[in-house]
Amino acid sequence: MSAEPEPTDLPLADDPIQSEPLPPEEEESPPAQPAPEPAQPGEEQPLPPAPEPPPAPDLPTNPLVFEPATFYAIENVCLTQDMGGGQPCPHLNKVYTEPLVYSNAGQPVIQCWPCGKRRVFLSATKLDPQPELS
Ligand SMILES: [Zn+2]
């Protein structure tokens with residue numbers, strides 16, 4: 001009598017029904033919320049990579065007169081078309097308003113950076129009231 005049990009099932013080397021560990025059920029990510037549009041309606045103009053300098057503003061026909069030792073808000077512009085090497089100042093023809101400029105002896109100076117030239121004043125408004133100096 002043989003007590004040896006006959007193997008009925010051969011061990012399968014490759015179980016076709018391998019139960020792979022299922023990846024954790026991924027929750028479907030909610031649809032990305034639309035980013036708030038920074039652009040204002042009607043002004044959706046993408047900036048060109050190399051913007052042309054704006055046209056030169058109208059310069060005042062008469063030089064501005066400043067009272068000495070007085071604070072002004074001064075609208076100014078850089079007109080440096082060549083900082084060297086034919087490179088215009090990046091602020092060329094861009095009008096800025098400097099809100100607090102001391103007139104010193106009546107000759108306020110705003111120096112442009114990086115061209116290092118004096119900015120041309122377009123208009124000046126005497127601050128009223130004058131800021132308190134502490
Ligand atoms: Zn400049």
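Modeller: A residue is exposed if 12 or fewer other C-beta atoms lie within 10 Å of its own. The model discussed here is predicted.

Biologist: Why is Ala69 called exposed?

Modeller: Ala69 has 11 other C-beta atoms within 10 Å. The cut-off is 12 or fewer, so Ala69 counts as exposed. Ala69 lies in the segment before strand 1.

Biologist: Why does Asn104 count as exposed?

Modeller: Asn104 has 12 C-beta neighbours inside 10 Å. The limit of 12 or fewer includes that value, and therefore Asn104 is classed as exposed. Asn104 belongs to the loop between strand 2 and strand 3.

Biologist: What makes the phi of Ala69 notable?

Modeller: Most residues other than glycine have a negative phi. Ala69 is not a glycine, yet its phi is positive, at about 55 degrees. Asn104, also not a glycine, has a positive phi of about 55 degrees.

Biologist: How do you know that strand 1 and strand 2 pair?

Modeller: Pairing requires at least two bridges. Strand 1 (residues 71-77) and strand 2 share six bridges in the antiparallel sense, so they pair. Tyr72, for example, has Val101 in strand 2 as its bridge partner.

Biologist: Why are strand 2 and strand 3 called edge strands?

Modeller: The open sheet has three strands in the order 2-1-3, with antiparallel pairing. Strand 2 (95-102) and strand 3 (120-126) each have a single partner strand, so one side of each is left without a neighbour in the sheet. From one strand to the next, the twist averages 25 degrees.

Biologist: Which residues does a cis peptide bond join, with omega about 15 degrees?

Modeller: That bond joins Trp113 and Pro114, and Pro114 sits in the loop between strand 2 and strand 3.

Note on methods:
Residues are numbered from 1 along each chain as its sequence is written. This is a predicted model: local features need pLDDT of at least 70, side-chain atom pairs count only at pLDDT 80 or more; totals for chains, interfaces and linings use all residues. Helices (H or I, at least four residues) and strands (E, at least two) are DSSP runs, numbered from the N terminus. Axes are lines fitted to C-alpha atoms, for helices over the stretch in contact, and angles run from 0 to 180 degrees between N-to-C directions. A residue is buried if 20 or more other C-beta atoms lie within 10 Å of its own, exposed if 12 or fewer, and partly exposed in between; C-beta atoms are placed from the backbone.
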